Structure formats: structure tokens, C-alpha cells
Amino acid sequence: GVRYVVTQENKIPYGYHTIYKKDDTILAENENVLPMAYLSMNTMERESFDKETFPDTLKTLMEYTIVEDVPSKNTENEGKVTEELPADEMEDRDSSEKESTVSKTAGEQDERMKDRSEKNLSAASGDGYDWKITDSGQILLKLKEKPDTITFEETEDGVMINAEEECACSYYLEGDLSGKIGVMCFDVESRNGDRVTITVNESRNRLSAKNATYPNENERFTYFLDETMENVININYSKGKYVIRNLTFDVLPAPDRERAGITEVNYRQTEGKEILHCEAVSDEDCCFVTSIPYQNGMRITVDGKTVGTKIVNTAFVGTWIEKGTHDVSIYFDPPGKRAGMLLSVIAFLVILLSDIGTIRKGKRV
């Protein structure tokens, strides 16, 4: 993940805190991000992950590494580096082989998804002041203070907000988020097409105006809440008339590396074309995971031997390795680089020969 960000004080992403400030610019750090490279013992196949919906996907990413496929066990190759197999062989593997890996089976994953969906808290705005959980009637956000320049009117499917100017309201969060993360989402519709901005405890979401040069169409706002907010939620509403509807609130466990089955690697100095070099030590077969975006032209070597690169966590480069101590390196050769260099040489020779021909022709004249 991204450990450090440079931003403005009012735009600090969730999970980051300021470690340096100069004028209006700050350097923020998130100490909970995953390292650039690590070993993962818990994996889930992409096919099962794609069945999940937000925010369930967040919990899954905190506990599992998402892989495109899972290698089968082969006792004859014990101690050897896992090799990439052709796609048709991967597709022909039956479910019994997959059950022998560290990954959860699709059936177990589907059952877990079902359990979590039953506990999902679907909420709709209540009387316009206190937001209540629909199923139980329990108050989610209880109004603490609001100015006279904003009014709330309950509609059939949400709450109409009419703010004469930009203003702020404060609420009490009914519930304890100790060691947890709350994910609050709702839809926003601007009645006159103007821009809508709602900031929750300095976390801002914005729906651009319909006549904006590049409208973002961001009609679903998402906010993360945690115990550091001390159960007081400050919400800033932009001037205008708009509707909030389809409010949902989910509680997820805080990230835990031990629960996610993560083992850090020992980094080594890179040389030549290496973009990453490390030592990986594991007591069991696992997935080598990085936060380096997957690109064509990437190559991974394990103990000096090239192995198949894999897409992990839907967008990053990784591979499978077997238990033991391994020396792992990642290289990147831009696709088409050699072809481009060859074409450049050919073009240079053509121009050179053309100039020589012109010179000789001029001498004959």
C-alpha cells in the first residue's frame, strides 16, 4: 500500500496522520499499510471474490490475498519452485485438488458471504435529524447540534436537505467502534444539478455539477469511521438542495496482519534491472505478494530461476513459492523496447544511406 502521501491538511485520507507540515502542505503517514512485499498464507480465488460486494470486499482484502488460480500439490516436486502451468491445464484441475491448498473453498467462501450479508446493517434516514437503522429502529447518528440555516425534510425514500449556506452539524455515533472500522455509505442526488459536497470528520466526498467540464457522477458517498473519532461525528453540508438516501452502515474488524496470515520478507539491495530484491522465508507453501502494479514485461526469479508471474489482489504482481528460504527478485523490461531499438537503428541506417546516395549523386553532377 501507499505509506506516505503529500496533500493538503483538509484532504488527509482515512487512516493517515500528519508527520510533517509546511504552510498548507502536509506529509501524512499510514502505519497500517501492508509492506511492499510479503508472504501470504491465506488466499482466495478471484472467481469467489468477484461474487462479493462492497464493503464485504474490504474485509476480504484485509484477511486474504486474491489470486487468479491456485496451484495443485505435487509431492514429486516437493522443494522445487512452483512453475506456471498453461491456462488449459489450470482450468482442467478439479475441485479436490484446490481443497488441498491453503485457500478457502468456494463453498466455504459463499457461506461466509451469506453470514456477513445477514449481519449487514441497512439504514435509511429517519426524521431528518436522527438517522436510524431501518430494521431495528436503532438510532445510528443522533443529532447533537445544528444551525438554523439548514433544514431536513423526510421524503418517501430518504431526506431532503436544504442548506441556505455551507454549514455543519454534529452527531453522536450510537455504538462502540473500539478495534473496529465503520463504513458509512449513502446516495446523493442534487435537485438542481449543482455541486454537492459533504464532509464527515474531514473526509470529503463530492458530486460535481451536471454542467461541469468533467462530471464525476459520484452519486455514492463513502466514509470510514473509527474509535479515534470518540463517537462524535461532524458533518459539513454544502449550500444547496439535495437528497440523501439508501444509507448503509457496516462494521468491519480493524486490520490484523496475524489474522491475515502475513509474513514480512527481508529486503536486499537491488542491482542492475532489479526493481525489488528480497529473501523470503516460510514454513509452508505460500503466495509471494507485492504492491507493485502488474505490467507486461515483468519477470520474477526465485533462487535465480525464472518463475511464472501472477496477478494478485486484482492488480499487483506476485507468484507462488514453496516452503523454505528463497532469494526473490523482480525485473522489468518494457514491452517492445527491443523492437523499438531495432526500428530506431533501421530508421537511422535508412536515413544515413539516403544521405550518402544524395551526396554521391551530387558529386556526379
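## Buried, exposed and in between

A residue is buried under 20% relative accessible area, exposed over 50%, and partly exposed in between. K273 has a relative accessible area of 51%, so K273 is exposed. Keep these cut-offs in mind for the rest of the report. Note too that this is a predicted model.

## The chain as a whole

The chain has 365 residues, and buried residues make up 39% of them. Its secondary structure comes to six helices and 27 strands. The chain exposes about 21200 Å². Carbon and sulfur atoms supply 48% of that area.

How do contacts spread along the sequence? Take the contacts between residues at least 6 apart in sequence. Of these, 66% join residues at least 24 apart.

## Two nonpolar cores

In soluble globular proteins, nonpolar side chains tend to be buried together. Which residues have the most contacts inside the largest nonpolar core here? They are F186, I198, I233 and Y237, in a core of 30 residues. Apart from it lies another core, of 18 residues. Its members include V265, F288, I292 and I300.

I233 shows what such a place looks like in detail. Leaving out residues up to four places away in sequence, I233 touches L141, C169, S170 and Y171. I233 also touches L173, V200, N201 and L225.

## Aromatic pairs

A search of the whole structure finds four aromatic pairs. One of them joins F152 and Y237, with ring centres 5.7 Å apart. Their planes stand at 75°, so the pair is edge-to-face. F152 lies in strand β10 (residues 150–154), while Y237 lies in strand β17 (residues 232–237). The pair therefore ties together parts that are 85 residues apart in sequence.

Are the two partners buried or exposed? F152 has 9% relative accessibility, so F152 counts as buried. Y237 has 1%, so Y237 counts as buried too.

F221 and Y223 form an edge-to-face aromatic pair as well. Here the distance is 6.5 Å centre to centre, with 75° between the planes. Both F221 and Y223 are buried. Ring pairs link F186, F221 and Y223 into a cluster. F186 is also one of the residues with the most contacts inside the largest nonpolar core.

## Salt bridges

Side chains of opposite charge can pair when their charged atoms come close. How many salt bridges does the structure hold? It holds ten.

Start with D333 and K273. Their closest N and O atoms are 3.6 Å apart. D333 lies in the loop between β27 (324–332) and α6 (337–364). K273 lies in the loop between β20 (266–267) and β21 (274–282). The salt bridge therefore ties together parts that are 60 residues apart in sequence. D333 has a relative accessible area of 30%, so D333 is partly exposed. K273, at 51%, is exposed.

Salt bridges that share partners join R46, D50 and E68 into one network. Within it, the side chains of D50 and R46 meet at 2.9 Å, N to O. D50 has 49% relative accessibility, so D50 counts as partly exposed. R46 has 25%, so R46 counts as partly exposed.

E189 and R191 form a salt bridge too, with the closest N and O atoms 3.9 Å apart. E189 is at 33% relative accessibility and counts as partly exposed. R191 has a relative accessible area of 45%, so R191 is partly exposed.

## On the surface

Some nonpolar residues sit on the surface. Y4, I19 and Y20 form a nonpolar patch there. Together they have about 330 Å² of accessible area. Y20 belongs to strand β2 (residues 17–22).

Where is G304 found? G304 is in the loop between β23 (298–302) and β24 (305–307). At 63% relative accessibility, G304 counts as exposed. G304 and H326 are 22 residues apart in sequence. In space, they are 9.4 Å apart, C-alpha to C-alpha.

Technical notes
Residues are numbered from 1 along each chain as its sequence is written. This is a predicted model: local features need pLDDT of at least 70, side-chain atom pairs count only at pLDDT 80 or more; totals for chains, interfaces and linings use all residues. Side-chain values use heavy atoms; hydrogens and water are left out. Patches are made of residues with over 30% relative accessible area and no salt bridge: like charges are joined within 9 Å, nonpolar side chains (Val, Leu, Ile, Met, Phe, Trp, Tyr) within 5 Å. Accessible areas come from the Shrake-Rupley method with a 1.4 Å probe; for residues, only the protein chains shown count as cover. A salt bridge is a side-chain nitrogen of Lys or Arg within 4 Å of a carboxyl oxygen of Asp or Glu. Helices (H or I, at least four residues) and strands (E, at least two) are DSSP runs, numbered from the N terminus. A nonpolar core is a set of buried Ala, Val, Leu, Ile, Met, Phe, Trp, Tyr and Cys residues joined through side-chain atoms within 4.5 Å. Buried means under 20% relative accessible area, exposed over 50%, partly exposed in between (1.4 Å probe, protein chains only). Contact means heavy atoms within 4.5 Å. Rings of Phe, Tyr and Trp (its six-membered ring) pair if their centres lie within 6.5 Å; planes under 30 degrees apart count as stacked, over 60 as edge-to-face and the rest as tilted.
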